Number of protein chains: 2
Amino acid sequence: MRERWLDELAAARPGLDRSSTAARVAGLLREQITDGRLVPGARLPEEDLCRAVKVSRNTMREAFRMLAQERLLVHEFNRGVFVRRVTADALADLYRVRRILECEGVRCAPDAPPEALARLEAAVLDGERAAGAGRWADVGTADIRFHQALAALVGSPRVDEMIRHLLAEMRLVFHEMGSPREFHEPYLARNRRLHDLMARGDLAAAERELRSYLDDAEAQLTKAYRENERL
Amino acid sequence: MRERWLDELAAARPGLDRSSTAARVAGLLREQITDGRLVPGARLPEEDLCRAVKVSRNTMREAFRMLAQERLLVHEFNRGVFVRRVTADALADLYRVRRILECEGVRCAPDAPPEALARLEAAVLDGERAAGAGRWADVGTADIRFHQALAALVGSPRVDEMIRHLLAEMRLVFHEMGSPREFHEPYLARNRRLHDLMARGDLAAAERELRSYLDDAEAQLTKAYRENERL
DNA sequence: AGCGTAGAGATTGTTCAACAATGGAGCAAT
DNA sequence: ATTGCTCCATTGTTGAACAATCTCTACGCT
């Protein structure tokens, strides 16, 4: 192989690449959504946002498209864009795919580079620290980073992107039902156990644990959903 | 349950929903790309296309964005949009994800509805018919439909969408190296064998066959790629 | 010849203003 | 209460304009 460092430079280029204003606007909105300041179901009127961010309608619509593709927004023709409301069906599908990708991550753990495993442990530690300090929102963030690191063990850029979008949607689900504390707390210990099983190399047990973890979380969220739907 | 037929109507709605012109334009371009009339690497100048399709630049750019999100086009800032060239690395990643999704499809076969399995067999038959008639392009189409049906066994809308995009990219790969005949012919029999193994219920053997199938196809394409790269 | 520079021309990025098309709210009539 | 109608706000789409950036050519230098 010739000039490996050239490839590394080429790979780092898009990071330094200046982004279009639409992308930056999309970033702003994404932040508002994942932080929960824009609640699911909320409508985003073009003109109001244009005035707020001081961009033209075209670029705003461009930003909308991006976020719609990420499934954070839904675009209803001739009606406008809304923050996505994840239905119970979509939630089930979300977990179906999470099971596939994250379990594959567990199976790939032996072949994964050490940094990838280190990120996994870092996420566990971050979660534990945040819980100790009572920062429950950060516990949620660490949990998401944990599962992201899990899927990243596959070592596939595509899988990375999929799981990133998936977990961004999970944030929508969390915001739609509030109460970060009760929900995230019990999963802290399970993240830790899962990580330890993998570190020990017991992949079969790790996969079982992960499956049961996801089953429980899905059941809990689905139950909460059904109750919410009564409103 | 009350008013079941209402839900069915609601489910059928998006089909009748008229689409934006941007979406239709994107459809046109998508067809040109997957049919190979637009070769990978080709540049798509905004104004030329606007004049050809008689839409404004804004809507054309909107169409571009959709296809860029599907990875059929790449959008280089201040340089324009191009038909995607799949690199060797991207090809490897493509197969990595195909292995994950399609193998999962095999494992889900027992729980899949009969229609889904029927579509699988239909794709096999279509391929065999097309091969008998010497329509090699159609053989390729049937092959893609076969693998799409395979992943569809998972029964997940998300997986369906992923595999659809993945296989659309595979078309790009095929077009970049031409010669549909030699490439698709040997896989006809393997599709048939794979289907029969699954119909017989021997999932373990089916998964082994699928993995070897994908390994061989990837190796063959990668080899062709390395040779092409010398140009 | 090889290399860096400068400027012209072309293409893209972004904005703006306008009009058509559509959806939703209110109101009248039955 | 439901239907049919009108009016208004919002979105869909267009076309033109200007700024920013790239590409290419020509030029001058060593």
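Let me start at the backbone of B:T21, where a polar atom lies 2.7 Å from a phosphate oxygen of DNA strand D, and this falls under what I call a polar contact, a pair of N or O atoms within 3.5 Å, where within protein one must be able to donate a hydrogen and the other to accept it, and residues adjacent in sequence count only if both atoms are side-chain atoms. Before I go on, please keep in mind that this is a predicted model, in which local features need pLDDT of at least 70 and side-chain atom pairs count only at pLDDT 80 or more, while totals for chains, interfaces and linings use all residues. Residues are numbered from 1 along each chain as its sequence is written, chains are lettered from A and ligands numbered from 1 in the order in which they are written, and side-chain values use heavy atoms, with hydrogens and water left out.

Staying with DNA strand D, a second phosphate contact comes from A:N78, where a polar backbone atom is 3.3 Å from a phosphate oxygen, whereas A:R57 addresses a base, with a polar side-chain atom 2.9 Å from a base nitrogen of the strand. The elements that give two or more residues to the surface near this strand are α4 of chain A and α4 (57-69) of chain B, where helices (H or I, at least four residues) and strands (E, at least two) are DSSP runs, numbered from the N terminus. The largest share of that surface, 3 residues, comes from α4(B). Altogether 21 residues surround DNA strand D, and the closest are A:R43, A:R61, B:T21, B:T59 and B:R79; near here means that one of the heavy atoms of a residue lies within 4 Å of the molecule or strand. Of the strand atoms within 4 Å of the protein, 72% belong to sugar or phosphate and the rest to bases. By class, the surface has 3 nonpolar, 9 polar and 9 charged residues, with Ala, Val, Leu, Ile, Met, Phe, Trp, Tyr, Cys and Pro counted as nonpolar, Asp, Glu, Lys and Arg as charged, and the others, Gly among them, as polar.

Turning to the other strand, which residues are closest to DNA strand C? They are A:T59, A:N78, A:R79, B:R43 and B:R61, out of 20 residues that surround the strand. Sugar and phosphate account for 72% of the atoms of DNA strand C that come within 4 Å of the protein. A backbone N or O atom of A:T21 lies 2.8 Å from a phosphate oxygen of this strand, and a polar side-chain atom of B:H75 lies 2.9 Å from a phosphate oxygen as well, while an N or O atom in the side chain of A:N58 is 2.7 Å from a base nitrogen. On this strand α4(A) gives the most to the surface, with 3 residues, and the classes come to 3 nonpolar, 9 polar and 8 charged.

Now to the two protein chains themselves. A rotation of 180° with 0.1 Å of shift along its axis superposes chain A on chain B with an RMSD of 0.1 Å, the fit being by least squares on the C-alpha atoms of residues with pLDDT of at least 70 in both. The two copies are therefore related as by a two-fold rotation axis. The same surface serves both copies, in that 97% of the contact residues of chain A recur in chain B.

How many residues of each chain take part in the interface? Chain A brings 29 residues into contact with 29 residues of chain B, contact meaning heavy atoms within 4.5 Å. The area buried between them is about 2,800 Å², of which carbon and sulfur atoms give 52%; buried area is the accessible area (1.4 Å probe) that two parts lose on being put together, summed over both. In chain A, the residues A:R65, A:I100 and A:R158 lose the most area to chain B, together 25% of what that side buries.

Finally, the rule finds 6 salt bridges across this interface, a salt bridge being a side-chain nitrogen of Lys or Arg within 4 Å of a carboxyl oxygen of Asp or Glu. The side chains of A:E161 and B:R71 meet in a salt bridge at 3.1 Å, N to O, and those of A:E62 and B:R65 in a salt bridge at 3.0 Å, N to O. This latter pair crosses between chains, from helix α4 of chain A to helix α4 of chain B.
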